[in-house]
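User: I have a model open and want to learn how to read its features. Please take me through them.

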Amino acid sequence: MDRVVTPAEATHAARIQNRIAGRSVPAVGGAWFEKRSPHDGRLLASCARSGAADVDAGVSAAAAALGEWAATPPVKRGEILRSVCAGLRERRLALAAMVAQETGKSPSAALGETDGSILLGEFFAGEGQRLFGRTMTSAVPHRLNYTVRQPIGIAGLIVPANTPIANVAWKMFPALICGNTAVLKSAEDAPGTAALVAEIAEAAGLPPGVLNVVHGIGAEAGSALVAHPEVGVVSFTGSTAVGRQIARDAGTRLARVSLELGGKNPFVVCDDADLERAVHWAALSAFSNAGQRCAAGSRVIVFDAVYDRFRDMLVERANASRVGDRDTDDFGPLINERQLEKVSTALARAVGDGARVLCGGSRLTGPSHRDGCYFPATVVEGVSADAEISCEELFGPVAVLYRVADFDAAIALANHSRYGLTACIHTRNVHRAMEFTQRVAAGVAVVNAGTYGSEPHMPFGGMKDSGNGTREPGTEALDVYSHLKNVVFLSDPESL
Ligand code: NAD
């Protein structure tokens with residue numbers, strides 16, 4: 001078995017520069033921003049703080065590389081992406097160490113995320129052999145109709161830091177297999193991961209300029225990428241508020257937009273559920289990755305008949321959670337001080353409004369957590385469905401419990417949200433389970449597991465404020481990154 005590199009062993013460049021046309025360059029304005037460890041607050045790197053000029057350079061490089069990449073047959077593009085995956089696999093421990101260092105998650109969790117990202121890359125490399133269109137019949141004799149997928153052009157990719165290598169892989173691989181070139185705006189809290197992926201990809205044979213990476217602040221580098229007139233498709237994963245802004249800005253120039261946004265996902269426990277299992281999955285859904293998942297199960301809706309027992313079991317489980325950056329821990333820190341402050345103040349407001357905090361609830365300050373952004377597994381009850389803590393995504397390890405009388409009340413509460421990303425039910429009743437998957441307003445509906453857990457070939461995305469209806473990954477992601485052209489071919493013009 002491979003040895004997992006500990007975060008301290010990861011080599012993090014003291015300065016992380018942009019990667020443009022195969023060259024590492026500082027920001028044009030010479031500015032830098034700091035990336036600190038969420039585990040102990042130490043400075044990990046200074047990163048290029050890019051602005052419009054840097055984005056422009058990235059887009060120019062992508063434009064220069066576009067002709068040749070788009071003309072490369074899709075099967076050949078797939079072969080190159082397969083080599084990229086092989087390169088990533090060869091360096092998987094270094095990548096995982098970087099992910100662990102930047103996020104504070106354990107080495108094994110980071111390695112799992114890295115391996116999943118490579119699998120996703122391999123899936124999309126295979127799409128080069130399957131970039132299918134359709135053939136259609138026609139009312140006209142000797143007329144052949146078929147569709148082909150064509151690249152859109154330059155893809156602007158914007159990602160958050162919660163699962164940093166997965167977020168990069170989910171966008172770069174489908175964008176590139178479709179023949180686009182890309183400019184990736186890395187997450188402020190995970191620039192090293194994006195930089196390392198780009199470096200490995202180029203070393204494995206991805207031509208310079210096909211994937212360019214700019215680092216920087218969202219309102220500076222991100223918004224410049226969205227506004228750039230040559231960016232044909234903007235694919236964004238992040239908060240709903242920023243997604244809305246991006247939809248407005250990119251919409252004015254009619255660029256295609258894919259938005260994967262927030263969630264406030266319901267986890268329903270019925271009176272016939274296997275409670276041990278339900279607690280296991282509820283804890284994973286709410287607390288793993290410190291709740292920093294768009295698919296976190298943050299609203300736990302429990303039938304009255306089993307509420308007290310389930311609550312006590314979940315609280316016991318939450319109290320037993322180990323929090324830290326080692327493989328023996330259940331989850332790591334929040335990504336930065338700002339995020340910790342957001343979770344803390346939202347809980348304080350909820351308590352002010354009458355919420356009962358059953359466990360957790362405030363920053364961990366013991367010797368092993370003192371310098372990090374550590375927040376414990378937290379369970380809350382006694383809030384209304386319209387309370388702020390019921391409606392707003394926290395992105396922290398907080399589960400809010402709700403008591404409901406029956407199935408219809410559970411469905412109504414599950415759907416009582418402006419979000420609609422994922423949902424889960426625990427029941428042994430097949431009809432109930434089927435009803436739930438039909439009636440719940442979510443892009444992903446799960447029976448008897450967690451609110452998360454997608455695979456590379458499965459479409460992921462949300463309804464309502466959780467997105468704009470696109471799906472990534474799966475073959476559905478190809479619809480985000482390609483134009484569909486209908487080819488009409490009259491083989492015997494004289495017959496008309
Ligand atoms: P965020 O929206 O603050 O930032 C995400 C990215 O957008 C960052 O790279 C940031 O620099 C950039 N950005 C910020 N402002 C911008 C602007 N004005 N223009 C262009 N880019 C801008 O989100 P976050 O707090 O970093 O991440 C957490 C959010 O991401 C949560 O809401 C979570 O649910 C969501 N998320 C969704 C999915 C999904 O697939 N649906 C997956 C992971 C995370």
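Analyst: We will take cores, cavities, a sheet and a helix residue in turn. This is a predicted model, so local features need pLDDT of at least 70, side-chain atom pairs count only at pLDDT 80 or more, and totals for chains, interfaces and linings use all residues. Residues are numbered from 1 along each chain as its sequence is written, and side-chain values use heavy atoms, with hydrogens and water left out.

User: How many residues does the largest nonpolar core have?

Analyst: The general idea comes before the count. In soluble globular proteins, nonpolar side chains tend to be buried together. A nonpolar core is a set of buried Ala, Val, Leu, Ile, Met, Phe, Trp, Tyr and Cys residues joined through side-chain atoms within 4.5 Å. Buried means under 20% relative accessible area, exposed over 50%, partly exposed in between (1.4 Å probe, protein chains only). Here the largest core has 67 residues. V269, F287, F310 and L314 have the most contacts inside it. Leaving aside neighbours within four places in sequence, V269 is in contact (heavy atoms within 4.5 Å) with residues including L275, V302, F310 and H426. Another core, of 51 residues, lies apart from it; L95 and I118 are among its members.

User: How many cavities of 30 Å³ or more does the search find?

Analyst: Rolling a probe the size of a water molecule over the atoms shows where empty space is left. On a 1 Å grid over the protein atoms alone, a cavity is a set of points where a 1.4 Å probe fits but cannot get out; lining residues have an atom within 4 Å of a point. Grid points are joined across faces, edges and corners, and volume is the space filled by probe spheres set on the points. The search finds three. The largest holds about 100 Å³. Of its 15 lining residues, A296, S298, E393, L394 and F395 are the closest to its centre. The second largest has about 60 Å³. Its lining also comes from a list of 15 residues, with P266, A414, Y419, G420 and A441 nearest its centre.

User: Which strands stand at the edges of the three-stranded sheet?

Analyst: Strands are DSSP runs (E, at least two residues), and helices are H or I runs of at least four, numbered from the N terminus. Two strands pair if DSSP finds at least two bridges between them. The open sheet has the order β6-β7-β22, with antiparallel pairing. β6 (135-136) and β22 (482-490) are the edges: each has a single partner strand, so one side of each lacks a neighbour in the sheet. Two bridges join β6 to β7. M136 has N145 in β7 as its bridge partner.

User: Is V430 buried or exposed?

Analyst: V430 is exposed, at 62% relative accessible area. It lies in helix α14 (residues 430-439).

Terms used: On a 1 Å grid over the protein atoms alone, a cavity is a set of points where a 1.4 Å probe fits but cannot get out, and a pocket is an open set with protein on both sides within 12 Å along at least five of seven lines; lining residues have an atom within 4 Å of a point.
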